[in-house]
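Open the viewer and keep the selection box at hand. We will go from stop to stop, and each stop says what to select next.

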Amino acid sequence: MSAAPLVGYSSSGSEDEDEAEAEARAQARPGAGGCRRAQSPLPSQRLPVPDSVLHMFLDTKEEPEDDREKHGGRVRTFPHERGNWATHVYVPYETREEFLGLLDVLLPHAQTYVPRLVQMEAFHLSLSQSVVLRHHWILPFVQALKDRVASFQRTFVGLEVTSGHAQFLDLVSEVDRVMEEFDLTTFYQDPSFHVSLAWCVGDARLQLEGRCLRELQNIVDEFEDPEMVLRAHAEQVRCKSGNKFFSMPLK
């Protein structure tokens with residue numbers, strides 16, 4: 001069983017303000033025969049609005065702004081819309097001390113080529129693209145996933161999967177069936193399964209390909225027992241929808 005190869009890849013991916021309506025002001029008009037009809041003076045100020053009304057909507061949230069600074073400069077692959085939940089299905093990769101030790105060597109070396117690279121906060125192997133679910137679809141979607149993946153249990157090797165690829169394809173096939181049931185985008189054709197280690201804004205493939213990846217691969221190959229360090233036992237599939245997480249054990 002060979003050590004996992006490293007790969008470099010890229011991924012693809014204004015709120016209108018309401019205009020205030022002008023208020024029509026009542027004006028006195030001349031009466032017939034040039035005589036003016038007496039008019040009561042209009043109040044120069046609006047009536048005060050009760051505090052109970054002023055504070056009625058303080059807790060109402062406006063549509064969130066897509067602020068890049070809040071998520072490292074990343075851009076949404078689809079615009080935010082109230083009631084839509086970004087959803088992703090994946091297998092979590094549980095790190096061990098040895099894996100983090102290898103990453104501590106790999107990342108600084110990669111950053112000599114691409115300084116803006118940032119380590120991933122968590123590690124996983126994707127089983128779906130990011131899709132949009134309406135809120136009332138989330139629980140039926142998750143239940144359909146549970147029904148589909150309940151019979152799977154496999155061991156895989158990363159970073160790019162070199163063992164268990166066929167089993168991953170079977171698992172993706174089940175996830176794709178659920179996607180089709182909800183008229184959502186299925187996974188990529190002929191996918192390459194991998195654990196992402198780091199990311200950066202923009203396309204940095206030219207800096208990473210060639211010499212950089214060869215050097216990083218040598219680090220992996222020379223690391224003590226890399227096959228055992230990078231081995232992962234897949235015990236569950238997870239679905240993240242917005243800020244909600246759902247776990248499906250693999251029996």
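**First stop: paired strands**

Select Y90, which stands opposite R238 in strand 8. Keep in mind that this is a predicted model. Now show residues 84-92, which make up strand 1, and residues 236-241, which make up strand 8. These two strands run antiparallel and are joined by four bridges.

Next, add residues 244-249, the extent of strand 9. Strand 9 is antiparallel to strand 8, and six bridges join them. To see one facing pair, pick V237 and M248: V237 stands opposite M248 in strand 9. Then follow the chain through the turn. Strands 8 and 9 form a hairpin with two residues between them. One stop in that turn is G242, with a positive phi of about 65 degrees.

**Second stop: the nonpolar core**

Select V89, F99, L127, F141 and L197. These residues have the most contacts inside the largest nonpolar core, which has 58 residues. In soluble globular proteins, nonpolar side chains tend to be buried together.

Zoom in on F141. Beyond its neighbours within four places in sequence, F141 touches T87, V89, L133, V178, M179, F182, L184 and C239.

**Third stop: aromatic rings**

The whole structure holds seven aromatic pairs. Show F141 and F182 for one of them: the pair is edge-to-face, with 5.4 Å centre to centre and 75 degrees between the planes. Why does this pair tie together parts that are 41 residues apart in sequence? F141 lies in helix 3 (residues 138-149), while F182 lies in the loop between helix 4 (165-181) and strand 6 (198-199), so the pair ties together those parts. Both F141 and F182 are buried.

Now select F187 and Y188. Their ring centres are 5.1 Å apart and their planes are at 55 degrees, so this pair is tilted. Are the two residues buried or exposed? F187 has 9% relative accessibility and counts as buried. Y188 has a relative accessible area of 51% and is exposed. Add F168 and F193 to the selection: ring pairs link F168, F187, Y188 and F193 into a cluster.

**Fourth stop: two histidines**

Select H124 and H194. An unreviewed UniProt entry places the feature "active site" at these two residues. They span 71 residues in sequence, yet their C-alpha atoms are no more than 8.0 Å apart, so they gather at one spot.

Look at H124 on its own. H124 is in strand 3 (residues 124-126). Its relative accessibility is 22%, so H124 counts as partly exposed. Leaving aside neighbours within four places in sequence, the contacts of H124 include H88, Y90 and H194. Show S126 too: the side chains of H124 and S126 make a polar contact (3.5 Å).

Move to H194, in the loop between helix 4 and strand 6. A polar atom of the H194 side chain lies 2.9 Å from the backbone oxygen of S192.

**Last stop: two aspartates**

Most residues other than glycine have a negative phi, and most peptide bonds are trans. Select D183, where phi is near 55 degrees, a positive value in a residue other than glycine. D183 is in the loop between helix 4 and strand 6. At 72% relative accessibility, D183 counts as exposed.

Finish with D190. Its phi is also positive, about 50 degrees, although D190 is not a glycine. D190 has its place in the loop between helix 4 and strand 6. With a relative accessible area of 75%, D190 is exposed.

Key. Residues are numbered from 1 along each chain as its sequence is written. This is a predicted model: local features need pLDDT of at least 70, side-chain atom pairs count only at pLDDT 80 or more; totals for chains, interfaces and linings use all residues. Side-chain values use heavy atoms; hydrogens and water are left out. A nonpolar core is a set of buried Ala, Val, Leu, Ile, Met, Phe, Trp, Tyr and Cys residues joined through side-chain atoms within 4.5 Å. Buried means under 20% relative accessible area, exposed over 50%, partly exposed in between (1.4 Å probe, protein chains only). Contact means heavy atoms within 4.5 Å. Rings of Phe, Tyr and Trp (its six-membered ring) pair if their centres lie within 6.5 Å; planes under 30 degrees apart count as stacked, over 60 as edge-to-face and the rest as tilted. UniProt positions are given in the numbering used here, feature names are shortened, and annotations may be inferred rather than shown by experiment. A polar contact is a pair of N or O atoms within 3.5 Å; within protein, one must be able to donate a hydrogen and the other to accept it, and residues adjacent in sequence count only if both atoms are side-chain atoms. Two strands pair if DSSP finds at least two bridges between them.
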